[in-house]
Number of protein chains: 2
Amino acid sequence: MKIESVDFFYLAMPEIHAIGDGSQDALLVRLRTDSQEGWGECEASPLVTMAAWNCPMSHSACKPLSASILGQPLRDVRDIGRIHERVGEQSLDLLQSDHLLSGIDIAMWDLLGKQLETPIYRLLGFDRSFAKLPYASGLFGETPQETLEKARDMGGSGFRAAKFGWGPYGRGTVDEDREQVHAAREGLGKDATLLIDAGTVWGDDVALARQRLPALKEARVAWLEEPFISAALGAYRELSSLSHPLSLAGGEGCHQSHQAYNMIDFGKLGYIQIDTGRIGGITSAFQVAQYARERGVAYVNHTFTSHLALSASIQSYAGHVEDQLCEYPVEATPLARELTRTSIRLDGDGMVCLPEAPGLGLEPDPEIIRRYKREVEIRVDGNLVQQTGTL
Amino acid sequence: MKIESVDFFYLAMPEIHAIGDGSQDALLVRLRTDSQEGWGECEASPLVTMAAWNCPMSHSACKPLSASILGQPLRDVRDIGRIHERVGEQSLDLLQSDHLLSGIDIAMWDLLGKQLETPIYRLLGFDRSFAKLPYASGLFGETPQETLEKARDMGGSGFRAAKFGWGPYGRGTVDEDREQVHAAREGLGKDATLLIDAGTVWGDDVALARQRLPALKEARVAWLEEPFISAALGAYRELSSLSHPLSLAGGEGCHQSHQAYNMIDFGKLGYIQIDTGRIGGITSAFQVAQYARERGVAYVNHTFTSHLALSASIQSYAGHVEDQLCEYPVEATPLARELTRTSIRLDGDGMVCLPEAPGLGLEPDPEIIRRYKREVEIRVDGNLVQQTGTL
């Protein structure tokens with residue numbers, strides 16, 4: 001079994017809005033051997049990411065990913081690790097490579113799961129998959145009243161945990177932010193888990209973040225997410241020393257396992273949030289999940305898009321009973337909602353479980369791919385080096 | 001003065017070899033206002049980086065860089081800082097954006113320098129530019145004998161410091177590596193400064209790196225560069241505690257200032273090496289140089305390509321008398337060597353000085369651009385979104 005082809009499908013809503021909704025487009029990856037196929041999804045700029053697949057080589061550590069992947073054997077999970085090493089070495093200086101590898105890695109796991117007729121979490125060595133407590137993940141309303149209504153709706157839909165982020169939060173005054181947070185708590189009810197996402201709005205400015213801590217503590221917020229950009233480890237470390245009992249969460253921007261390790265070891269996070277579609281796929285996400293568990297830090301997926309991405313993102317910590325929370329997109333676009341024929345739904349207790357079908361356990365719907373597909377053509381000196389795949 | 005156009009020139013040698021020579025291609029950036037133009041260079045995959053300029057928006061934090069830059073005022077250095085903030089916010093999730101911003105930032109500084117008729121280092125607030133001690137930067141020979149001869153040539157060319165890296169180093173046995181290091185020392189002579197670059201070959205494996213320390217100490221190597229990938233802070237920290245009097249150097253892979261801060265604060269480097277063409281340009285490189293100086297860590301440029309890149313890379317620490325070393329490419333391709341009409345040459349004492357002409361003080365040669373230019377065309381749904389610029 002060798003990797004014979006890797007094709008890319010750039011999907012997008014007819015209109016893209018300048019809001020913090022990452023589900024407005026998608027980059028799907030289809031990977032084939034002679035007998036099987038697997039699917040994955042990158043959480044990344046589709047066009048730029050596609051360009052990294054077959055761009056001309058710049059030097060021995062800046063090769064396109066095709067150079068490390070096409071024609072490689074894919075018989076068992078060790079082959080995936082080997083391919084990661086090849087890409088790490090041969091595309092070290094190609095920055096976008098981590099985002100691209102993410103979708104390819106997921107497709108490799110999906111393919112192997114189908115080939116071996118087992119869900120991915122079992123290939124990772126987990127005996128079982130524990131139900132996760134999904135939190136509804138949405139954007140703050142433009143006004144506290146709007147946030148309050150959104151929070152009521154989320155609670156009414158069976159969610160016992162919810163997160164609000166982006167929108168106006170952190171951009172106005174401390175009092176305005178307080179009102180937003182209290183509105184979310186009021187709408188959600190006193191017993192639900194409330195999470196707040198600052199979306200890196202304070203850059204690395206600890207003073208600005210610190211001013212928001214009292215309101216977050218008043219509203220019994222469980223975590224403050226991304227007060228800073230992922231690399232601002234010193235700022236995370238300092239705020240963390242001031243935030244108790246509030247925990248800090250972050251990590252969605254990490255594109256390598258080691259960056260997440262650093263956020264745990266030096267940034268002193270309470271929750272590490274990994275986007276499987278950015279960190280390097282299930283392989284890297286699993287490494288981070290193990291690393292976090294050994295250090296008593298909670299692992300959570302970062303997923304704001306499709307249920308294909310959601311399944312991929314849960315696999316890496318499915319067997320950890322201690323890591324109970326799970327981000328669950330509730331405001332996704334029709335493209336993301338309809339992409340898979342089946343979906344991962346809340347059960348009667350408000351919990352979610354991974355599908356038990358082989359691989360990711362979900363398939364993208366070709367009809368939806370056709371509906372939202374955008375045609376890409378990249379030429380260098382007239383030669384076609386990349387284009388959207390065909391179904 | 002508004003930014004009216006940003007054009008890209010992808011240059012490449014007719015044949016690209018799979019060796020660690022990053023000068024085999026180049027991505028030049030030309031930025032224009034109504035009255036002036038500036039040039040910059042990205043140290044990055046040209047095709048993928050060009051794609052990030054005008055890719056379709058994915059969401060509010062994954063916009064193409066054109067959205068943050070075209071039409072923006074560029075009157076003084078504060079405008080450059082403001083543009084960095086816009087890009088940081090609006091292209092947060094576009095991984096390749098840092099590499100692209102690097103070349104654009106350099107072009108903005110070059111343009112402002114020309115407009116204000118002053119070298120860039122003065123715009124950065126330095127009163128003067130200190131001569132730097134260039135080290136010849138080359139690849140290890142395939143055999144110790146070949147390395148010895150290369151080292152003799154470097155010493156004979158007037159260099160008082162030299163670095164060997166990549167090639168077979170770290171890939172064979174500890175004894176083979178020892179022979180290579182001793183050959184470099186022998187060829188260079190006992191008084192020269194010898195630096196060794198492992199090119200991330202040990203990933204994050206401290207044990208493998210540790211085995212090489214004795215030979216490096218025997219040969220009185222001043223620094224061991226990149227034993228690990230940039231993000232492996234824990235490994236750097238551990239090796240650093242074992243390496244005295246040898247210092248660790250690293251940082252060329254950093255694509256944000258904060259990653260370099262982390263290597264200084266948590267990785268305990270003795271030398272922080274910044275590629276201005278990757279970190280976010282002169283703006284970010286200057287931030288790192290200041291940060292390092294305040295903490296007693298030596299700052300060094302990482303430059304393996306053209307003298308346009310070399311000038312850009314020295315500006316950010318030109319006024320620091322304490323940061324004396326300077327990487328100087330000696331094995332660059334004809335493309336990189338001939339790209340500028342003038343170059344930065346060693347003086348009689350084996351030192352190099354920045355040009356005193358406005359901006360970068362060097363201009364790319366249009367004839368060379370024409371000779372090596374590759375034509376790129378990127379289309380989405382048939383619409384041209386990016387192409388190589390015209391002179």
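Two strands pair if DSSP finds at least two bridges between them, and strands themselves are DSSP runs of E with at least two residues, while helices are runs of H or I with at least four, all numbered from the N terminus. With that in hand, colour A:V380 and A:N383: A:V380 stands opposite A:N383 in β14(A).

Before going on, a word about what is on screen. This is a predicted model, in which local features need pLDDT of at least 70 and side-chain atom pairs count only at pLDDT 80 or more, whereas totals for chains, interfaces and linings use all residues. Residues are numbered from 1 along each chain as its sequence is written, and chains are lettered from A and ligands numbered from 1 in the order in which they are written.

**Stop 1: the β13 hairpin and its partner in chain B**

Select residues 383-387 of chain A, which form β14; this strand runs antiparallel to β13(A), with four bridges joining the two. Two residues lie between the strands of this hairpin, and A:D381 takes a positive phi near 50° there.

Now show residues 376-380 of chain B. This is β13 of chain B, joined to β13(A) by five bridges, again antiparallel. Put labels on A:I378 and B:I378, which stand opposite each other. A:R379 stands opposite B:E377.

Which residues of β13(A) are on its covered face? They are A:V376, A:I378 and A:V380, while A:E377 and A:R379 make up the uncovered face. In a regular strand the side chains alternate between the two faces of the sheet.

**Stop 2: the contact between the chains**

Zoom out to see both chains. Counting two residues as in contact if their C-beta atoms, placed from the backbone, lie within 7 Å, 53 residues of chain A are in contact with 53 residues of chain B. On the chain A side, α1 (46-51), α4, α10 (233-243), α11 (257-265) and β13 (376-380) each supply at least two residues. That side has 26 nonpolar, 17 polar and ten charged residues. Here Ala, Val, Leu, Ile, Met, Phe, Trp, Tyr, Cys and Pro count as nonpolar, Asp, Glu, Lys and Arg as charged, and the others, Gly among them, as polar.

**Stop 3: helix α10 of chain B**

Select residues 233-243 of chain B. A residue is called buried if 20 or more other C-beta atoms lie within 10 Å of its own, exposed if 12 or fewer, and partly exposed in between, with C-beta atoms placed from the backbone. In this helix B:L233, B:A235, B:Y236, B:L239 and B:S243 are buried. They are on the same side of α10(B) because they cover an arc of only 155° around the axis, the arc being that of the directions from the helix axis to the C-beta atoms. Turn to the other side and you will find B:S241 and B:L242, which are exposed. The cover over the buried residues includes α11 of chain A, as well as elements of chain B, among them α8 (206-211) and β7 (221-225).

**Stop 4: the two domains of chain A**

Hide chain B and colour chain A by domain: domain 1 is 5-118 + 365-387 and domain 2 is 123-338, with bounds that come from an automatic or database domain assignment. Their centres, taken over C-alpha atoms, are 26 Å apart. Contacts link 35 residues of domain 1 with 28 residues of domain 2. On the domain 1 side, β3 (37-42), α3 (77-90), α4 (97-115) and α15 (366-372) each supply at least two residues. Of these, α4(A) gives the most, with eleven residues.

**Stop 5: A:Y10 and the open sheet**

Pick A:Y10 in strand β1 of chain A. Is A:Y10 buried or exposed? A:Y10 is buried, because 23 other C-beta atoms lie within 10 Å. Its bridge partner in β12(A) is A:R374. Step back to the open sheet of four strands, in the order β3-β2-β1-β12, with antiparallel pairing. Draw a distance from A:Y10 to A:Q387: their C-alpha atoms are separated by 9.7 Å, although their positions lie 377 residues apart along the chain.

**Stop 6: A:D275**

Finish at A:D275, in the loop between β9 (271-274) and α12 (281-294) of chain A. A:D275 is buried, with 28 other C-beta atoms within 10 Å. Beyond neighbours within four places in sequence, show its contacts A:E43, A:E252 and A:H302.
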